[in-house]
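Here's a quick briefing on a protein chain and the two ligands that come with it. Have a look at the model first, then we'll go through the pockets and contacts.

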Amino acid sequence: TGSAPIIAVDGPAAAGKGTLSKRLAEALRLPHLDTGLLYRAVARLMINAGLDPASTSGESIARALSLADLKRTDLRTPDVDAAASLVARDNAVRQALVDMQRIFARKNGAVLDGRDIGTVIFPDADVKLFITASPYARAVRRYIQNGGTDDAPDRDQRIRTVEIALIERDHADSTRASAPLRMADDAIRIETDALCADEVLAHSLRIVRDRLKAKNVNFPSAN
Ligand code: CDP
Ligand code: CDP
């Protein structure tokens with residue numbers, strides 16, 4: 001077919017989904033949507049309005065959300081990490097965000113990354129990748145990403161703190177009733193502990209191009 005592909009990238013926190021998806025989208029000239037930002041933006045707006053995501057539904061905020069809200073620069077703080085995972089348990093919030101994701105991707109194709117893209121949002125995605133790494137490797141990545149250095153005297157302790165928060169969030173995301181984090185049966189799993197971001201990209205690009213070719217999905221930048 002001539003229509004642009006939809007590529008699903010799922011996995012646990014700090015596995016490298018966003019980094020990979022952004023670069024995949026650039027290489028394939030597709031739009032990219034980091035769907036974690038949807039839950040982060042709802043969480044941020046709730047926090048700023050003094051609403052507790054543990055006891056209040058973010059449904060009305062989710063219904064009013066626009067793509068412009070995802071450009072906020074205050075969405076990657078530890079308080080938002082935890083609040084986003086609480087917000088994401090709420091089925092009414094998730095339902096409110098489904099159409100936005102589908103409309104975005106169906107327009108020109110897309111690479112979407114999140115937790116439930118291959119299972120719930122696009123169960124018929126053209127390619128599904130599941131990006132993962134050990135909790136420790138992911139904690140080191142998030143520590144460095146947030147400005148931590150290898151020679152900091154409290155490095156190991158700070159990585160441990162990040163690791164505990166990641167494990168807790170992955171557990172909450174994997175055990176919730178609504179759209180839990182789970183690898184789709186037909187996803188391709190990529191273990192990235194020993195791979196740098198360039199290697200994950202090269203490996204993923206090979207998989208994506210092979211799949212699209214096998215499925216006869218032709219679009220200008222597929223080669
Ligand atoms: O970047 P990181 O992996 O740390 O988190 P994120 O992808 O920005 O997602 C933040 C939170 O949003 C996750 O912990 C999930 O609770 C939720 N989320 C979700 O439920 N479904 C998605 N498709 C994406 C994120
Ligand atoms: O989106 P997600 O939370 O899954 O992870 P990310 O924010 O894309 O990546 C977390 C950090 O890991 C970034 O600073 C990346 O540069 C780094 N990283 C990676 O993405 N892939 C690797 N194979 C190794 C490191």
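A quick term before we start: on a 1 Å grid over the protein atoms alone, a pocket is an open set of points with protein on both sides within 12 Å along at least five of seven lines, as opposed to a cavity, where a 1.4 Å probe fits but cannot get out. A molecule sits in one if more than half of its atoms lie within 2 Å of its grid points. By that yardstick, the space taken by ligand 1 is the largest pocket, and ligand 2 sits in the largest pocket too.

**Ground rules and confidence**
- This is a predicted model, where local features need pLDDT of at least 70 and side-chain atom pairs count only at pLDDT 80 or more, while totals for chains, interfaces and linings use all residues.
- Residues are numbered from 1 along each chain as its sequence is written, chains are lettered from A and ligands numbered from 1 in the order in which they are written, and side-chain values use heavy atoms, with hydrogens and water left out.
- Mean pLDDT (the predictor's confidence in each residue, from 0 to 100) is 96 for the protein chain, with 97% of residues at 70 or more.
- For the complex, the predictor reports an ipTM of 0.98 and a pTM of 0.97.
- Among the elements (DSSP runs numbered from the N terminus: helices are H or I with at least four residues, strands are E with at least two), strand S1 (residues 6–10) has the highest mean pLDDT at 99, and helix H4 (residues 78–87) the lowest at 96.

**Ligand 1**
- It's surrounded by 18 residues (a heavy atom within 4 Å), and the closest are Arg40, Arg94, Arg142, Arg169 and Asp173.
- Polar contacts (pairs of N or O atoms within 3.5 Å) link an oxygen atom of ligand 1 to the side chain of Arg94 at 2.8 Å.
- The Lys17 side chain has an N or O atom 3.0 Å from an oxygen atom of ligand 1, and a nitrogen atom of ligand 1 is 2.9 Å from the side chain of Thr35.
- Of the 530 Å² of accessible area (Shrake-Rupley, 1.4 Å probe) that ligand 1 has on its own, the protein covers 98%.
- Helix H2 (36–48), H4 and helix H8 (155–175) each give two or more residues to this shell, with H2 giving the most, three residues.

**Ligand 2**
- Of its 13 surrounding residues, Lys17, Gly18, Thr19, Arg142 and Leu195 come nearest.
- Backbone atoms make these contacts: Gly18 at 2.8 Å from an oxygen atom of ligand 2, Ala15 at 3.1 Å from an oxygen atom, and Leu195 at 2.7 Å from a nitrogen atom.
- The protein covers 79% of the 530 Å² that ligand 2 has on its own.

Definitions and conventions. Polar contact = N/O pair within 3.5 Å; in protein donor to acceptor, adjacent residues only side chain to side chain. 1 Å grid on protein atoms, 1.4 Å probe; cavity = no way out; pocket = protein on both sides within 12 Å on 5 of 7 lines; lining within 4 Å.
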